[in-house]
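Trainee: I'm new to this one. Could you walk me through how to read it?

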Amino acid sequence: MGKLPNDEENCYGVGGAEASGGVDAEGRATDLRPLALSSPHTQAFHLAWLSLFACFFAAFAAPPILPALRPALVLAPSDAAAAAVGSLSATLVGRLAMGPACDLLGPRRASGLASLLAALAVAVTAVTASSPTGFVALRFVAGLSLANFVANQHWMSGIFAPSAVGLANAVAAGWANVGSAAAQLVMPLAYELVLRLGVPITVAWRVTYLILPCALLITTGLAVLAFPYDDLPHGAGVGGGAKTTGKSFWKVVRGGVSNYRAWVLALTYGYCYGVELIMENVAADFFRKRFHLPMEAAGAAAACFGAMNAVARPAGGVASDAIARLFGMRGRLWLLWAVQTAGAALCVLVGRMGAVEAPSLAATMAVMVACAAFVQAASGLTFGIVPFVSKRSLGVVSGMTASGGAVGAIVTNRLFFSGSRYTIEEAISLTGAASLVCTLPLALVHFPRHGGMLCGPTDVGAGAGDGDAEYDDNDSAGDYMLLK
């Protein structure tokens, strides 16, 4: 894996078009400046991650207050697992639909509308739920909100140049994912506060849902839709993006689903982000049962896993862009494989440590946090590669990859966490083992102009970037990677 040749540097944002004022020839920001609040790129960045933060908060609001929900909704032990599968299934369906929606409506409009629809559905279900079926329905409609992840990554990929897209995607998703940790920490405290105000137990959890998840979804959804910049100079697409006709829509879909790289990334993402989804669903219960912690303490311990997103996922994006400057796409792929493999091994260790006769809470938490760091960095590294698979079908590829996370979590939940065949500690270790195996297909990913993990470029003289017309019917303007 040699240093990137000069004629390939433009593909990774090292050289390329001259930037003026931090913006390239297509109007995309060439670096991420979170404090430059006067920039429309920065405003879009903050709206995107805050909107997705609210979605993660809503999707994971139930697990930390499960002890309160069990008597109120007469839940059996198996109902929690069924609701988790419902939530993950909704995430899968929503993300598959969100990819084409972004290509049709633009990521901003799709994101704002999805947040408002999710808020309405969560509010209605929280008010009316009175049985285990209502609980499953609540988690299902809340899980639909996570479709916004696709819009988030699509939006960032449209407004940041290749030199910054890995970092922008990773930071936006990483900061947003902290919403799951916030829910683990805040929901039990908010529920206790509502109880102290004299609200009956059967109503308190409903009020908590309305004043936190629903209010957050409504506020951020309206803010995204009210964003005044529809387009940046040269069509950078901060807002709606170009509309897609019916005929070209199917061309866009075909360009994504026929690209084998998208399928491989969907599989591997299923066992980095999928592992994260599993842990965020079971961590609080794991700490309650194995270490006999009360609801608030178990939620705080579980929040440590999600909280690592604030630094780990952005670190993955930074690392992806940094290694690409030295080794190109081959460096991105090798680093993703190494980091995800390390996270999988640590996941196995978490389960093994929890299974010992007298487990140490401090040691188990330390290994779990390390596992979270590697797993979430791998997620950031994955979406450092996704924008380079296909320009025209970026929404579809993003949706496929993001949906892979939900599929991995659903399959893992059904295999290891449903029923009584495995203890929760054994199930966690088996999840790590599955991740080890499902990371190996990264070796199959090859970009003709830039190579893969095991071999170099085979089409160095190609005029267009990876994913051009030869592979997925993209237009003659070349792939996303090429700076004009």
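Trainee: Let's start with helix 15: how many of its 24 residues are buried?

Mentor: Some ground rules before that. This is a predicted model, where local features need pLDDT of at least 70 and side-chain atom pairs count only at pLDDT 80 or more, while totals for chains, interfaces and linings use all residues. Residues are numbered from 1 along each chain as its sequence is written, and side-chain values use heavy atoms, leaving out hydrogens and water. Buried means under 20% relative accessible area, exposed over 50%, and partly exposed in between, with a 1.4 Å probe and protein chains only. Helices are DSSP runs of H or I with at least four residues, numbered from the N terminus. In helix 15 (residues 394-417), 20 of the 24 residues are buried, so the rest of the structure largely encloses this helix.

Trainee: And how far does helix 15 reach from its first C-alpha to its last?

Mentor: Helix 15 reaches 33 Å, close to the 34 Å expected at 1.5 Å a residue. That expected span is 1.5 Å times one less than the number of residues. After helix 15 comes Gly 419, with a positive phi near 80°.

Trainee: What does Val 85 touch?

Mentor: Contact means heavy atoms within 4.5 Å. Not counting residues up to four places away in sequence, Val 85 touches Asn 413 and Arg 414. Val 85 sits in helix 3 (residues 77-105), and is buried at 14% relative accessible area. Its C-alpha is 7.0 Å from that of Asn 413, though the two are 328 residues apart along the chain.

Trainee: How do I read aromatic pairs, and how many are there?

Mentor: A pair of aromatic rings is described by the distance of the centres and the angle of the planes. Here, rings of Phe, Tyr and Trp (its six-membered ring) pair if their centres lie within 6.5 Å; planes under 30 degrees apart count as stacked, over 60 as edge-to-face, and the rest as tilted. The whole structure has 17 aromatic pairs. Take Phe 149 and Tyr 269: their centres are 6.2 Å apart and their planes at 25°, so this pair is stacked. Phe 149 belongs to helix 6 (residues 148-159) and Tyr 269 to helix 10 (residues 260-269), so the pair ties together parts 120 residues apart in sequence.

Trainee: Which residues form one aromatic cluster with those two?

Mentor: The cluster consists of Phe 56, Phe 60, Phe 149, Tyr 269, Tyr 273 and Phe 383. Tyr 269 and Tyr 273 are stacked too, at 5.3 Å centre to centre and 10° between the planes, and both are buried.

Conventions:
Helices (H or I, at least four residues) and strands (E, at least two) are DSSP runs, numbered from the N terminus.
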